Amino acid sequence: MSKTDVNVESSRFDQYFLMDENDAVEYAKEKLDFFEDTTNLECKEIGDGNLNYVFKIVDKNSNKSLILKHSGEDTRAKSGRKLNVDRNGDECKVLQLHNKYCPELVPEIYMYDEVMNCYAMEDLSDYTIMRTALVQNKTFPHFADNITTFMVDTLLPTTDVILNHKEKKQLVEEHINPILCEISEQLVFTDPFGNFSNENIVLDSMKDFVEQNLYNDNSLRVEGAKLKFNFMNNAQALLHGDLHTGSIFIKEDGLKVIDPEFAFFGPIGYDVGNIIANLFLAWAHGFSTIENEQERSSYILNIEKCIVDIVDMFKNKFIKKFRQEATDLMAKSEGFDSWYLKGVLEDTAGSVGLEMIRRIVGVAPVEDITSIKDEEKRAKVQKILILAGKDFILNRSKYTTGEQFVETLKKYSKCI
Ligand code: SR1
Ligand code: MG
């Protein structure tokens, strides 16, 4: 048969374009070998993040469903930031690696399409985005245990402590992520110290406070610079890179970590610190909005306990796995594990401060804070978080227990 005789059917999905809900249904019919019956598919775009489109596609006859995650060439908010449209290919690879290390806490991936820049994954309808649940004052008793398992099991095996050094270097190369790292370098590590991109969002009543406590504090800026260079140069482990409560699907007895598109090799404390910071943001929401005193103190105590447990469980699991699985001869030297963990905790404290501060003054605020309607209360809690955040950054080497983090927040909540 000559080439011209071959019946190659062309498809509208042979070339990338930004899909809407109708396109996603057509895509599922043509490209996904998932639904037995495609006569009654329905699709809703449910993404609430800043970057991607998330289509939930359901077969209304059988109720079988999946999620199709699709990248655009720009951020959703039309920030003018151009992104690499193939970023969800990298994200998929990271999810597959996370699946290898920690299958219970990561969604199952069905397929990836490098032309349309989308991937299909398990629908997690029985789970809720954790941030949404937290602003409804829900707490989750197994969260600390699950998230510390996820962090230790996905982070430590990609360090030089455990992984063969040549393999690790190859992985570092594979997961270099300059465009998304640049977003964090700007939004987390630069703009909070001086509104350099002129994008910061600050309440009018907070302008003087922010000026004085953030933009005019040179000692804070120097520590921010040290943390920024650590973020850019310390290729310690393959991070999730954006491990906040909007990247976690949760239910009473389990969770799934999603969205590792900011993944790259960086300092472990960046992931751990992001989790703790976002719990403090939830704390702030409860502190400002729950009117019933008993309910407020119960919610706040639950969040504080969770933070304490996260630090303690992380330390225990980290040291245990380190001792069981270290392969590098020098890393096995007595005392090295504690020194290594101390460095991780120092980076953690710095990252807690950075993440809290950038979610208050930066261009990517979070619902925990923006949904506090009373501006006076919002300003008050923002001051508490900024002062505590500064303490975490400036005194980061002193934070070695969860209790210490909580004590600092309580201290500032009493004096503002
Ligand atoms: C322009 S992207 C803004 C933020 O959304 C992501 O989830 C990251 O946290 C990023 O900093
Ligand atoms: Mg995300």
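Reader: Where does serine 288 lie, and what makes it buried?

Author: Serine 288 lies in helix 9 of this predicted model. Buried means under 20% relative accessible area, and serine 288 comes in at 8%, so it counts as buried.

Reader: Which residues is serine 288 in contact with, leaving aside its neighbours within four places in sequence?

Author: Those are Ile372, Lys377 and Val381. Each has a heavy atom within 4.5 Å, as contact requires.

Reader: What makes the pairing of serine 288 with alanine 284 a polar contact?

Author: The cut-off is a pair of N or O atoms within 3.5 Å. The side chain of serine 288 reaches the backbone oxygen of alanine 284 at 2.9 Å, so the pair falls within that limit.

Reader: Then asparagine 195. Why is it called partly exposed?

Author: The middle class sits between under 20% for buried and over 50% for exposed. Asparagine 195 has 21% relative accessibility, so it counts as partly exposed. Its place is in the loop between helix 6 and helix 7 (207-215).

Reader: What does asparagine 195 touch, not counting residues up to four places away in sequence?

Author: Asparagine 195 touches Asn200 and Tyr215. With asparagine 200 there is also a polar pair: the backbone nitrogen of asparagine 200 lies 3.0 Å from a polar atom of the asparagine 195 side chain, and the limit is 3.5 Å. As for leucine 214, 19 residues apart from asparagine 195 along the chain, the two C-alpha atoms are separated by 9.8 Å.

Reader: On to helix 6. Which of its residues are buried, and what do they pack against?

Author: Helix 6 spans residues 178-187, and Leu180, Cys181, Ile183, Ser184, Glu185 and Leu187 are buried there. The buried residues pack against helix 2 (87-101), helix 8 (218-233), helix 9 (268-289) and helix 11 (336-361).

Reader: Why is strand 3 described as largely enclosed by the rest of the structure?

Author: Seven of the seven residues of strand 3 (residues 65-71) are buried, so the description fits. Ser65, Ile67, Lys69 and Ser71 point one way, Leu66, Leu68 and His70 the other, and all are buried. That's the usual pattern: in a regular strand the side chains alternate between the two faces of the sheet.

Reader: How do you know that strand 3 pairs with strand 2 and strand 5?

Author: Two strands pair if there are at least two bridges between them. Strand 2 (residues 52-59) is joined to strand 3 by seven, running antiparallel, and phenylalanine 55 has leucine 68 as its bridge partner. Five bridges join strand 3 to strand 5 (residues 118-122), again antiparallel, with leucine 66 opposite glutamate 122. Both counts meet the cut-off, so both pairings hold.

Reader: What about the hairpin of strand 2 and strand 3?

Author: Five residues sit between the strands, and asparagine 63 takes a positive phi near 70°.

Reader: Last one, ligand 1. What surrounds it, and what makes some of those pairs polar contacts?

Author: Among the surrounding residues are Asn50, Arg81, Leu187, Asp242, His244, Phe262, Arg358 and Arg359. An oxygen atom of ligand 1 is 2.6 Å from an N or O atom in the side chain of aspartate 242, and one is 2.8 Å from such an atom in arginine 358. For arginine 359, a polar side-chain atom lies 3.1 Å from a ligand oxygen. The limit is 3.5 Å, so these count as polar contacts. The protein covers 91% of the 310 Å² of accessible area that ligand 1 has on its own.

Technical notes:
Residues numbered from 1 in each chain as written. Chains lettered and ligands numbered in written order. Predicted model: local features only at pLDDT ≥ 70, side-chain atom pairs only at ≥ 80, totals over all residues. Heavy atoms only, no water. Buried < 20%, exposed > 50% of the residue type's maximum accessible area, 1.4 Å probe, protein only. Helix = DSSP H or I, 4+ residues; strand = E, 2+ residues; numbered from the N terminus. Near = heavy atom within 4 Å. Polar contact = N/O pair within 3.5 Å; in protein donor to acceptor, adjacent residues only side chain to side chain. Areas by Shrake-Rupley, 256 points an atom, 1.4 Å probe, with all protein chains shown as cover.
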